[in-house]
Every structure is written in structure tokens, then in C-alpha cells.
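This report looks at charged pairs, a buried strand residue and a surface patch. Please keep the sequence and the 3D view at hand while reading.

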Amino acid sequence: MYHNSIRRFVALSGWEGAGKSEGVKHIARQLGFFMFPEIARIMFPINEKILQKPLNELSELTFSGYVTGHHTCVANRIQKAVFDRCILDPLTYQALYSPEKQLNLQEIQGYIHQFNDEFEQDTLYDDIVLLSHPKDAGFIEEVVFKDKDRKYSTSIEQYLSDAKAFEEHFQVIAGGLKGVTNRIHLIPAFPENPEVLSDLTLVAADLYKPN
């Protein structure tokens with residue numbers, strides 16, 4: 001058992017192409033944090049080759065993956081970890097793409113309280129960063145859409161609309177659950193924010209001061 005005061009758990013969230021994975025790698029390199037990968041990138045090839053479930057059903061699996069991974073980190077007393085997405089991400093995707101199958105938020109709230117009590121911590125994460133989506137059309141076309149794992153938006157207009165909806169839903173869900181995090185930082189992504197990696201490092205080090 002250990003208290004939040006001696007650990008730093010930071011999660012990076014946001015729409016596809018916001019630079020989460022690069023940010024996670026940067027924090028791990030700069031500060032020596034344990035790096036927890038994005039569950040969806042692990043699940044996509046497993047789903048295509050083995051499970052063959054509709055895309056809108058993967059949120060349930062990724063939610064379970066984040067819960068299991070988080071439990072592993074805490075049970076093994078890992079004191080510094082950076083997560084590529086967190087439990088709020090699959091809940092947001094579920095709300096957007098499979099609203100008829102939304103997970104029970106009341107039961108999830110009870111589980112969060114139980115988990116935090118068991119491990120004598122106040123929150124699952126100390127800080128969550130919601131990286132706002134890039135808005136430059138050229139960057140979206142030339143960089144974001146080149147990602148072979150991109151599964152949702154198929155045009156720049158759709159990308160911008162989907163990203164806005166994701167960020168709005170994410171904040172609503174985060175606001176409705178207690179014990180998830182102490183703070184949520186809204187930080188612009190590259191290319192709008194060329195200092196984004198520096199900002200993320202400061203958040204992880206608990207030194208970030210919003211403008």
C-alpha cells in the first residue's frame with residue numbers, strides 16, 4: 001500500500017493524432033517513468049485476426065485493459081507511470097459510437113471508490129492531460145491520416161467534428177466521476193503548440209503552470 005504523495009501517475013488522453021504516444025515516450029525518456037501503452041493499438045490486430053468484433057464493441061475490452069493495467073502498476077508499487085490514455089477514453093468512445101451499450105457509470109463509480117480505498121490512494125491518476133486536437137488541415141492530411149491504426153475519421157471535416165465531440169464528451173464524463181484524477185489539464189497539441197512536449201514533461205514532474 002502507498003499514498004498518492006509518493007507516486008506520480010499521469011495519463012495522456014485526446015483524439016487520434018493529438019500526439020499522445022509521442023508524449024508518453026518523451027516523458028518516459030526524460031523522467032524515467034514506466035510507460036503504459038495504448039490498449040486500443042494492442043487490441044486492433046487481435047480483433048482483426050482473432051476476436052473479429054465490430055469496432056464499436058472494443059471500448060469494453062479496452063476499458064478492462066486499462067483497469068487491469070492500472071491494478072498491475074499499483075499492486076507492484078510502481079511509483080512513476082505515464083499512461084497512453086486512461087479509463088475515461090473507452091467510456092468516451094462508448095458514448096460516441098455505441099450509446100445503446102454504455103457502461104454503467106454508477107457501478108464504475110463504486111468500483112473506483114473501492115479500488116482507491118483498497119490501495120489507500122485518493123485518485124487513480126494524479127494528473128490527466130487532455131491534448132486538444134491539431135487543427136491545421138495540412139498536418140492532419142500529411143501526418144495524422146498516415147497513421148495505419150487510425151480507425152475513425154475519414155476526412156478533415158469529419159476529423160475536426162469528431163475530435164470536438166470527443167473532447168466535449170470526455171470532459172462531461174470526467175466531471176461525472178469522482179476519484180479519477182486530481183486535475184485535468186487542457187493542453188493544445190502540435191503544431192498549434194510547438195512546446196507541447198515541454199509542457200507534458202512539466203505536468204509529469206508536477207511543475208506545470210498554465211498560462
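## Salt bridges and their surroundings

Arg7 has a relative accessibility of 3% and therefore counts as buried, a value that comes, like the others here, from a predicted model. The partner of Arg7 in a salt bridge is Asp126, and the closest N and O atoms of the two are 2.8 Å apart. Because Arg7 lies in the segment before β1 (8-14) and Asp126 in strand β4, the pair ties together parts that are 119 residues apart in sequence. Asp126 also counts as buried, at 4% relative accessibility.

The structure holds 8 salt bridges, and the table sets out three of these pairs with the distance from N to O.

| Pair | N to O distance | Relative accessibility |
|---|---|---|
| Arg7 and Asp126 | 2.8 Å | Arg7 3%, Asp126 4% |
| Arg29 and Glu22 | 3.6 Å | Arg29 53%, Glu22 39% |
| Asp127 and Arg183 | 2.7 Å | Asp127 1%, Arg183 35% |

In the pair formed by Arg29 and Glu22, Arg29 is exposed, whereas Glu22 counts as partly exposed. The side chains of Asp127 and Arg183 also meet in a salt bridge. This pair links distant parts of the chain, since Asp127 belongs to strand β4 and Arg183 to strand β5 (residues 181-188), with their positions 56 residues apart in sequence. Asp127 is buried, while Arg183 is partly exposed. Both residues also belong to a network of salt bridges in which Arg8, Asp127, Arg183 and Asp206 are linked.

What surrounds Val82, leaving aside its neighbours within four places in sequence? Val82 lies in strand β3 (residues 80-84) and is buried, with a relative accessible area of 0%. Apart from those sequence neighbours, Val82 is in contact with Val10, Leu12, Val24, Ile27, Ala28, Phe33, Phe34, Met35 and Phe36. Phe9 is 73 residues away from Val82 in sequence, yet the two C-alpha atoms are 5.9 Å apart in space.

Turning to the surface, Asp136, Glu141, Glu142 and Glu192 gather there in a patch of negative charge. One member of this patch, Asp136, is found in the loop between β4 (125-132) and α6 (137-142). With 37% relative accessibility, Asp136 counts as partly exposed, and this value meets the requirement that patch residues have over 30% relative accessible area.

Conventions: Residues are numbered from 1 along each chain as its sequence is written. This is a predicted model: local features need pLDDT of at least 70, side-chain atom pairs count only at pLDDT 80 or more; totals for chains, interfaces and linings use all residues. Side-chain values use heavy atoms; hydrogens and water are left out. Patches are made of residues with over 30% relative accessible area and no salt bridge: like charges are joined within 9 Å, nonpolar side chains (Val, Leu, Ile, Met, Phe, Trp, Tyr) within 5 Å. Accessible areas come from the Shrake-Rupley method with a 1.4 Å probe; for residues, only the protein chains shown count as cover. Lys and Arg count as positive and Asp and Glu as negative; His and the chain ends are not counted. The place of a charge is taken as NZ of Lys, CZ of Arg, CG of Asp or CD of Glu. Helices (H or I, at least four residues) and strands (E, at least two) are DSSP runs, numbered from the N terminus. Buried means under 20% relative accessible area, exposed over 50%, partly exposed in between (1.4 Å probe, protein chains only). Contact means heavy atoms within 4.5 Å.
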